[in-house]
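Trainee: I would like to go through the cysteines and one helix pair. Can we take them in turn?

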Amino acid sequence: MPDTKKFIENLSGAGKCIGVLTSGGDAQGMNAAVRAVVRMGIYVGAKVYFIHEGYQGMVDGGDNIKEASWESVSSMLQVGGTVIGSARCKDFRTHEGRLHAALNLVQRGITNLCVIGGDGSLTGANLFREEWSGLLDELVQSGEISEEASQIHSALHIVGMVGSIDNDFCGTDMTIGTDSALHRIIEVVDAIMTTAQSHQRTFVLEVMGRHCGYLALVSALACGADWVLIPEMPPKDGWEEQMCYKLSENRADKKRLNIIIVAEGAIDQSNKPITTELIKDLVVRCLGFDTRVTILGHVQRGGTPSAFDRILASRMGVEAVLALLEASPGTPACVVSLCGNQAVRVPLMECVQMTQEVQKAMDEKRFEEAVRLRGRSFENNLNTYKLLSHRKIDSELPHSSFNVAVLNVGAPAAGMNAAVRSAVRVGITEGHTMFAVSDGFEGFYKGQIKEIKWGDVGGWTGQGGSLLGTKRTLPAKHIDKIAEQMRIHNINALLVIGGFEAYLGLMELQAARSKHAELCVPMVMVPATVSNNIPGSDLSIGADTALNAITDTCDRIKQSASGTKRRVFIIETMGGYCGYLATVGGLAAGADAAYIYEEPFDIRELQSNVEHLTEKMKTSIQRGLVLRNENCSENYTTDFIYQLYNEEGKGVFDCRKNVLGHMQQGGAPSPFDRNFGTKIAAKAMQWISKKLKEFYREGRVFANTEDSACLLGMRRRALVFQPVVQLKDETDFVHRIPKEQWWLRLRPLMKILAKYKTSYDVSDSGQLEHIVRLRAKDISAI
């Protein structure tokens, strides 16, 4: 078979000029996208130009369009907003304005545009592209450009990246800036919760989202809000009484605070706005609760971009340059978007049309269709929120007479508690009696098992670590006692939330089924570990929080270096033998190198890295950042690398080292981990309910098939249940890592953005997918 792989080395940008601009409202992560476009463009030999102040700068020309250098995007990665400026531009909406813009681009030879903005900015870019040849004809007729120039610059290529904190653009699961905006909202909610509890208050929070309720919905999920109001799904008539009943019920349940989240565009069934003041007056009038309103406003647009946004924007920026290099005159303008865990290209106008259809459906009160058009990710969020927020009264619940136990196994990971809360509440809603096991398999064999009720898990989403307690003990040695406890408590199904020990534990339990009939019950594992080293899942609960801890620390370290010239920092990350945190953290923090076990290195490579940094110190970027995974090499320890760099860099740079340690496990879970934990655990519980019915025979549950002991993981674009037995072949048990890991494909990106020549497989890129095809697939996106 011929090798169909394409490599970056075969793509040349020589002779091409790329213009990059940010337009519309600013969003955190835009700078990371600009940086990636500039560095990737320069890497392939193209000239890259900053277009300052968005379309306004393109129309005004002059100093607004400047050639970018490698160094000019240094220190941009961690800055919020957009360094090259953004502006709303009336001039570009006129034919005259676009004519000026075309002239300014032709004079600099720019025929490739990378536009980072919302749907208005991207629609404007597409119109510009369609008019391009007509504009050039006009410029030739007026004598402003020559016929020859018109021929050379005959086609304009456009690639868009969506920068919008509202996540209101169809065709991508996440837009640049959304995750960071959620970080700001959740920081505020966590802070408000402590003061609200002190005074037994009700807080009404308004978040951004004039036309899209994504931020409100996801933040409500992430903090366990009592009520959420969004434009896509107005509450049914009589919602006022329902809401007040829910709030008073929660207070009667000893809950000391209520949180109501409102999107700024929230409406009722008649399309009338629902304001925060209206809600406050309602609560005060009907319940007499002490109620306060907080409007978050532009705080949500501010602050540093999260690790997720930096990685997303960097991946998109690199992909955008590849799309421009491969574009031909007939290629439609495309948007680089995220689908599940993959970067894909989608025709720009298909996305814009779909986005406009959502608004049309809302205007025409076809609300269910509006939710469907928003995409699977939005729909899943809404369904999970509905599932978790409305506590049914006992008489309404189906009664299953099944007992389901939940336990945490391995090291603590932020987001575990959100997963437990979700599992407990979904289980109760499905009619099961839920049991919590303390301290993992150790607590299990010791009988530390007790029933856990709806109210017991209130307020758990924002708590770090594991409230149930977790241990690394494996079950094999204590299997008789565990089987006995299963019999005593009549446990009919198990949900295990944890890391590699949980994975091994589930295998041991399954292997022991032949000896113990009590273990013949449905079992499912949900991956939760900062190391992200579980076979069968691209992502684990807790890894995103750890990445943010690493990124925050690297930002501070880089800042400390700005006062001292010529300094290199060596930073050790966790992860066992898995290099995920070092690699992806390195990409998010702008590291010069990341040493990992999966990619063996020798003294020659260390030497070449030192030489690379020595060269870097001659430029205006006089600091370096090197990440090292804790188990990347037995002999090249953090101390060794630090001493080597120190010795070799004498007279050129000095060195510092930092071991991040358990800081990466701690802290409040990130919005992503809260949500991922919530959604994946809810899906796991629904699977358990299905399997319990399937395996219930003659008054008992008996399950001993391979597919009754599964791991639920995220694979590329979907959440999938995989029998643990079938994952054995994918596992390197000695080093506790999967044999194949998707994120290794991101390593060349980190190297390219750090100015190393490297080989990069781009065969995954370049496929233009239609939005309808994307929607038709069963995307169980996050």
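Trainee: Is Cys170 buried or exposed?

Mentor: Keep in mind that this is a predicted model. Buried means under 20% relative accessible area. The relative accessible area of Cys170 is 3%, so Cys170 is buried.

Trainee: How many disulfides does a search of the whole structure find?

Mentor: A disulfide is a covalent bond between the sulfur atoms of two cysteines. To count here, the two sulfur atoms must lie within 2.5 Å. For Cys170 the closest cysteine sulfur, in Cys351, is 7.9 Å away, which is too far for a bond. Over the whole structure, the number found is zero.

Trainee: Which cysteine has the sulfur closest to that of Cys286, and why is there no bond?

Mentor: Cys286 is partly exposed, at 45% relative accessibility. A disulfide needs the sulfur atoms within 2.5 Å. The sulfur of Cys286 is 4.3 Å from its closest cysteine sulfur, too far for a bond, and that partner is Cys244.

Trainee: How are helices H11 and H12 oriented to each other?

Mentor: H11 covers residues 348-363 and H12 covers residues 367-374; their axes come within 8 Å and cross at roughly 160°. Angles over 145 degrees count as roughly antiparallel. H11 and H12 are therefore roughly antiparallel.

Trainee: How do the residues of the contact of H11 with H12 divide into nonpolar, polar and charged?

Mentor: H11 contributes Met354, Glu357, Val358, Ala361 and Met362. From H12 come Phe367, Ala370, Leu373 and Arg374. The division is seven nonpolar, no polar and two charged.

Note on methods. Residues are numbered from 1 along each chain as its sequence is written. This is a predicted model: local features need pLDDT of at least 70, side-chain atom pairs count only at pLDDT 80 or more; totals for chains, interfaces and linings use all residues. Side-chain values use heavy atoms; hydrogens and water are left out. Buried means under 20% relative accessible area, exposed over 50%, partly exposed in between (1.4 Å probe, protein chains only). Axes are lines fitted to C-alpha atoms, for helices over the stretch in contact, and angles run from 0 to 180 degrees between N-to-C directions. Helices (H or I, at least four residues) and strands (E, at least two) are DSSP runs, numbered from the N terminus. Angles under 35 degrees count as roughly parallel, over 145 as roughly antiparallel, 65 to 115 as roughly perpendicular and the rest as oblique. Contact means heavy atoms within 4.5 Å. Ala, Val, Leu, Ile, Met, Phe, Trp, Tyr, Cys and Pro count as nonpolar, Asp, Glu, Lys and Arg as charged, and the others, Gly among them, as polar.
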